[in-house]
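Trainee: Please take one part of this model and go over it closely with me. I am new to it, so keep the steps short and then show me what lies around that part.

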Amino acid sequence: MSLVPTTGELGPVVVIGAGLIGASIGMALTAAGERVHLVDASNVHAVVASGLGAGLIDFPQTETIRLVVVATPPSAVVQEVLEALELSPQAVVTDVSSVKGRVLDKLRATGADISRYVGSHPMAGSQFAGPLTASGELFVDRTWVVCPRLDNAPEHVERVRQLARTCGARLVEMEAADHDEAVARVSHVPQLMSSLTAGNLRDVPDRHLQLAGQGVRDVTRIAASDPVLWRQIIQANSSAIRLELEGIRRDLDELFVVLDDPTGLEGFMARGREGARTLPGKHGSIPVEWEAVVIEIPDTPGALAHLFADIGSEGVNVEDLSIEHGSTREVGYLSVQVSPSQAKHLREVMVEKGWRLRVV
Ligand SMILES: NC(=O)C1=CN([C@@H]2O[C@H](COP(=O)(O)OP(=O)(O)OC[C@H]3O[C@@H](n4cnc5c(N)ncnc54)[C@H](O)[C@@H]3O)[C@@H](O)[C@H]2O)C=CC1
Ligand SMILES: O=C(O)C(=O)Cc1ccc(O)cc1
């Protein structure tokens, strides 16, 4: 799926909070032909986001605004949603914060009419923050959860669905409580496990760290995320997270028991492999086992472009890729995931074309 040109039928859109997520939304909507206006507590962020093509920094006539997207850190969301509902009488207001139930409870507690508010959550992002790391392609083929309620008018919910579709995302609809239970399992607890693993690396001596390979990097990537943002996310969803952590504590206790028991330990590892296989693959489909072909990239100008051209000329469909830098030699390694039926052919032709392969 790619960005959907909408010829301006969604806007004018106001994005409040032009950081990683807000600027990425602004870039996707602008690229699709929508008129986007950016507001940020930091003028520098608004200017940078605008410079990257995320929208304009002027403010439209409030009665013309059709959609407001609140993309601030969770602590500012309730206040910004309330102000947007009051200031723009025709607009549907959505937010993109990572926890939906707490925002809804707090909005309801104010007694305000929140029927034009429809919560949502794009399940895409990164460990980075701020507009400099934004991308208009961030949401393409990723899940975007919309949380409609009975007090929402259908056309208002549709406007938020249209936002997700215009950004190229795959729509999923859920109630806020169900969403929060799901993200505790697939996002918040994995984030905590990553922080736990990475936190323990702090006291590891350099002599040992130099042995680190791709596995530990995969497991710790998201631990580099902003602690202030994540403190807010975790605390807003602490009940659902606590339940999951209790299960993990039991599993950890069991691990101590089976550590020296071959059958028990194999069962433990097999459960992990089973769990990894349950995750939907690309485009939300049933996961497929791809085969990795790892090709050495020499440290010469244009080598990577040349390599991609050689892979492309063979008509091999690359399902995923990653690049790793050699720790001892001035080379890189391009790992491409391809269908097992094409892997052997790709290896053979790459060697014929003069590339070196790494055995995996
Ligand atoms: N980081 C991620 O990967 C994802 C984050 N989210 C959610 O998106 C929201 C934004 O997160 P990021 O873009 O990562 O953070 P960020 O730190 O990159 O951007 C937040 C922006 O909001 C601005 N801001 C703060 N308070 C404001 C206020 N009261 N009014 C206007 N602007 C204000 C900041 O100056 C900053 O530019 C959060 O609610 C987060 O839970 C959702 C999906 C993924
Ligand atoms: O970087 C990643 O892989 C993420 O999963 C980013 C992310 C962070 C917070 C969210 O609420 C949703 C997605």
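Mentor: Start with the shell around ligand 1. By class, this shell has 15 nonpolar, eleven polar and two charged residues. This is a predicted model, so keep that in mind throughout. The shell around ligand 1 holds 28 residues in total. Gly17, Gly19, Ile21, Ser97 and Gly125 are the closest. Which elements give two or more residues to this shell? They are helix 1 (20–31), helix 3 (74–87) and helix 9 (227–236).

Now turn to ligand 2. Its surroundings are Ser98, Met123, Ala124, Gly125, Ser126, Gln127, Ser187 and Ile222. Three of these residues are nonpolar, five are polar and none is charged. Look at Gly125 once more. Gly125 is among the closest residues to ligand 1, and Gly125 is also listed around ligand 2.

Go back to helix 1 and the stretch that includes it. For residues 12–32, an unreviewed UniProt entry lists "transmembrane region". That label comes from the record. What does the model show over residues 12–32? The chain there is 57% helix and 19% strand. The C-alpha atoms at its two ends are 13 Å apart.

Pro12 deserves a pause. A cis peptide bond joins Gly11 and Pro12, with an omega of about 0°. Most peptide bonds are trans. Pro12 sits in the segment before strand 1 (13–16).

Helix 1 also helps to cover helix 2 (residues 43–51). Which residues of helix 2 are buried? They are His45, Ala46, Val48, Ala49 and Ser50. Strand 2 (36–39) is likewise included in what covers them. Just after helix 2 comes Gly53, which takes a positive phi of about 90°.

Another positive phi turns up at Asp141. Most residues other than glycine have a negative phi. Asp141 is not a glycine, yet its phi is about 65°. Where is Asp141 found? It is in the loop between strand 5 (119–122) and strand 6 (143–147). Is Asp141 buried or partly exposed? It counts as partly exposed because it has 14 C-beta neighbours inside 10 Å. A buried residue needs 20 or more.

Gly136 is in that loop too, between strand 5 and strand 6. Gly136 has 22 other C-beta atoms within 10 Å, so it is buried. Gly136 and Tyr117 are 19 residues apart along the chain. Their C-alpha atoms are separated by 24 Å.

Strand 6 itself contains Thr143. Thr143 is partly exposed, because it has 17 C-beta neighbours inside 10 Å. Thr143 and Ala164 are 21 residues apart in sequence. In space they are 8.8 Å apart, C-alpha to C-alpha.

Next, a helix pair. The axes of helix 10 (residues 238–258) and helix 11 (residues 262–278) come within 8 Å. They cross at roughly 145°. Which residues make the contact? Helix 10 brings Leu255, Val257 and Val258, and helix 11 brings Gly264, Leu265 and Phe268. Five of these residues are nonpolar, one is polar and none is charged.

Step back to the protein chain as a whole. Its secondary structure comes to 13 helices and eleven strands. Its C-alpha atoms fill a box of roughly 65 × 50 × 40 Å along the principal axes. The chain has 360 residues, and buried ones make up 31% of them. Take the contacts with a separation of 6 or more. Residues 24 or more positions apart account for 70% of those.

Last, confidence. The protein chain averages a pLDDT of 93, and 95% of the residues score at least 70. For the complex, the predictor gives an ipTM of 0.99 and a pTM of 0.85. Where pLDDT is low, the predicted coordinates should not be read in detail.

Technical notes. Residues numbered from 1 in each chain as written. Chains lettered and ligands numbered in written order. Predicted model: local features only at pLDDT ≥ 70, side-chain atom pairs only at ≥ 80, totals over all residues. Near = placed C-beta within 6 Å. Helix = DSSP H or I, 4+ residues; strand = E, 2+ residues; numbered from the N terminus. Nonpolar A, V, L, I, M, F, W, Y, C, P; charged D, E, K, R; others polar. UniProt positions renumbered as here; feature names shortened; annotations may be inferred. Buried ≥ 20, exposed ≤ 12 C-beta atoms within 10 Å, placed from the backbone. Axes fitted to C-alpha atoms, helices over the stretch in contact; angles between N-to-C directions. Contact = placed C-beta atoms within 7 Å. pLDDT = per-residue confidence, 0-100.
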